[in-house]
Every structure is written in structure tokens, then in C-alpha cells.
Amino acid sequence: MTNTIYEPLLTLSDLYNDDVVYSSRPSYISNPWLKPDEHQSNFLTGRELLIANQFPVIVHEASVTDKLDMLFKAINKEVPQQIYTFNNQQSYEQLIQNLAHKQHKKLYFQYIHDETILNKKYYALDKDVFVALNNKARIPEWTDGKYLPNREIVAIEDFEQRIKHWDYPFVIKPGDDLPTAGGYGVMICYNDEDLAKATKRIQEATDETESLIIEQKINERQNYCVQFAYSEDIGIQYIGSATQLTDRYGFYNGNENAQEVPQHVIEAGRHIMEIGVSHGFFGIAGFDLLVDDNDNVYAIDLNFRQNGSTSMLLLSKELKQGYQKFYSYHSQGDNEHFFQTILRYIKQGVLYPLSYYDGDWYGKDKVNSRFGCIWHGDSKDEIIRKEQQFLADVTNNK
């Protein structure tokens, strides 16, 4: 691994004013379509540290222990100093309220928070704009009616009657303002059993969801996350694309670098970004665009927020250029063995650390540690072998 130090393509400092603080943590107040556990939500707070530069980030204390410092030093990096830390719901909510009310900061949230936690006037990006752009039901507005699968928006009380008119396979999504992530709010149905499971989830969400989207399941050849950044100073910049890794039910399993992206896919993404910017958006956005066998582009999800693979794209010059994969892992109960295994693979030059949630912050082996990273090597086959060996090593702690 080379010791040459590269600057990221751009950093978060390039996009936001000096009075803005970033939080990637979902609110502690969950909704029926976004129910990550507490440790996963805390883990997410450390994901953007290496692309933050001087941009202040809110981070859980377990995500910035000496373990992260050791991992970053192995790649000649340091933990940024511009961070605010919290350790539970009370300290998190007090922190963002203090930043807004007493330090006169604006908050740039990855996920909206309830008005009882922070009034929308303290959002750096207008909250109403942010909610509207990320509402799946309003995708036709943000695409000029282009790139759309066949779809229907139905009131939740009419769903069971309307779904009888659809043939398998189809996709069901919430059609309101509640945030989703990682495919958790997406229900792909191939048969009656899948529909029965989806219907049960929908019934549980009736009190908080007014409408649903029924959508044609596209038989895609490629699934891209096409990403752009915008600020007044830099304009709209294409920062790259990643290939989405999902299972057949749409659950997110990481990203690979996409080295050859069709130009018409990039231009479709740029068109969507231009519309978003015209409505007041700034920051980083990633659009899930499918390409079918006829080279048609379909916009199935618009994430006007940072994405899991954003760091991989912005840090691409620091990585081996053949194959890159963004993913995350949990320890198997022995956190020290997990950490030492990670450190060994980083020193081999095939694993690049982004974040480390230190489970031992809670006491030895009380909580499983988590690790966010990028695999990088000359070829996909090489990295597949390395990852398989890594998983075996993590499991075998004899």
C-alpha cells in the first residue's frame, strides 16, 4: 500500500457554511418504516469522519475511542477534532438543542427529527424541502415525470382492494413523509406469501401511514447509486456512481465501485439533481437508478442525503483503482479479536477503515463492535478471497 496521502475529491467542508453542524443519526423516535436498533444508529454517526475535514460532526462516544484512532493511524490519518459527542438519547437531544439555541448553529440532518426535539427553523436545509424531496410518492415531480416504472399511489385503507389488480412481481413502499433506509421500507412481493407478510407490516403501520405506492418490479441489468454534490460555490458536481448490492427483496448489502457508467444514466441523475437544487437543495444526493435490458433508466428511489457509498466515492484516489467495496461488519462476541483481525487486514493494504463502533465502551464484550470499511484491491476475485478469509478469521478466535 502506498504511503502517498491524497485529499478527497471534495469534503463536507466545501459544501456547508461555518455555522452548520452535521448529524447522521436517525432520531431516537422511530417510525414503522425505519427501526434500526440503537447501536446501529450510533454506529452510523462515525461514517463520514474522513470526508468531514473541518465540518463539525455529531458522533457517539463509542464511535471515537482509541480503537478508531489506532485504525486511522494505520492509514496515516487522524480522527478529526471538529466533533461533538453524546452517549444516550438525553445527551443527544440536549446537544442539538444547545447547538441551536445557545450556540446559534444550524443542523444538517441525515434524517428528519420531530418538532418536539428541534424546531424546523434551526435546519440548515429547509426541512419542508428536505421532506418533500425524499418523499417517494413525489418522485414524478423531481424527475419531470421521466424514468418511472408503472406505479399507483393508494390510500392505505384501499390497499388490500387495489393490490388485487396487480400481477406479481411488484413493489410496495410507504407513500408519505416518514423516512426509510437500507431497503427497510421496501416490500418486494413475488408471491402470496410475500404479500401476506407485507400486508401484516402495513396493518401495523396504519396509524402512522396514510398512503402506499404500488410499483412495477423492474427486471434490472444494473442498479446504480448515482451521486452529485452541490453548493453555491462549486455548483453541481458529479462525484461518481456505485453499484448497489441488494438481495432479491431489496435489502441493502453494500456497494461496489462502478467504473463504467452509461452517460445517459449520469445525465438522468444530473437532471434530477438540477430539479432538486432548483427547489432549494444543497449538499450530497444519491439516486437509485435501474437500467433494464433495453437500456431504459428507472428512478426507484431518490436519496437527497448522503449515502453509504459516498465516502468510497470521495476517497477513491486513496484506494486501489481496480475494485472497491463498501460494507460493514459486526464482531462475533470477542471484540478484541475482531479489532485485531481488522487491524491486520488494514496493514495488508486491502481494507480501508471508515468507522469503528467500540462495543467495549459499554464494558468488555457487552455489546458487539461494528466496523465500516472499504475493501480495495486489483481485482474483484482478489477481494472476494480476502473477504472470505477475513470472515473466517473473525469467526475463528482460537
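How far apart are the end C-alpha atoms of helix α9, and what span should its 16 residues have at 1.5 Å a residue? Keep that question in mind while the whole chain is on screen, remembering that this is a predicted model.

**The whole chain**

Begin with everything selected: the protein chain holds 12 helices and 16 strands, and its C-alpha atoms fill a box of roughly 55 × 55 × 45 Å along the principal axes. For 398 residues a compact globule would have a radius of gyration near 21 Å, and the chain agrees with this because its own value is 21 Å. If you colour by burial, 56% of the 398 residues count as buried, while the accessible surface comes to about 17500 Å², with 43% of it belonging to carbon and sulfur atoms. Among contacts with a separation of 6 or more, 69% are made by residues 24 or more positions apart.

**Helix α9**

Now select residues 263-278, which make up helix α9. The opening question can be settled here: the 16 residues should span 22 Å, and the end C-alpha atoms are 22 Å apart, so expectation and model agree. Show the side chains next, and look for the buried residues of α9, which are Val 265, Ile 266, Ala 268, Gly 269, His 271, Ile 272, Met 273, Ile 275, Gly 276 and Val 277. To see what covers these buried residues, add the helices α5 (127-133) and α6 (139-142) together with the strands β9 (220-231), β10 (235-246), β12 (283-292) and β13 (297-303), which are included in that cover. Then step past the end of the helix to Gly 280, which follows α9 and has a positive phi, near 110 degrees.

**A four-stranded sheet**

Move next to the open sheet whose four strands run in the order β5-β8-β6-β7, with antiparallel pairing. Its edges are β5 (151-155) and β7 (187-189), each of which pairs on one side only. Neighbouring strands in this sheet are turned against each other by 25 degrees on average, direction ignored.

For a closer view, select strand β6 (residues 170-174) with β7: these two pair in the antiparallel sense over three bridges, and Val 171 stands opposite Ile 188 of β7. Finally, add helix α8 (residues 192-204), which packs on the sheet and touches β6, β7 and β8 (211-216). The direction of α8 makes about 150 degrees with that of β7, an angle that can be inspected with the helix and the strand both in view.

Terms used:
Residues are numbered from 1 along each chain as its sequence is written. This is a predicted model: local features need pLDDT of at least 70, side-chain atom pairs count only at pLDDT 80 or more; totals for chains, interfaces and linings use all residues. Side-chain values use heavy atoms; hydrogens and water are left out. Two strands pair if DSSP finds at least two bridges between them. Axes are lines fitted to C-alpha atoms, for helices over the stretch in contact, and angles run from 0 to 180 degrees between N-to-C directions. Contact means heavy atoms within 4.5 Å. The radius of gyration is taken over C-alpha atoms; the globule rule is 2.2 Å times the number of residues to the power 0.38. Buried means under 20% relative accessible area, exposed over 50%, partly exposed in between (1.4 Å probe, protein chains only). Accessible areas come from the Shrake-Rupley method with a 1.4 Å probe; for residues, only the protein chains shown count as cover. The expected span of a helix is 1.5 Å times one less than its number of residues.
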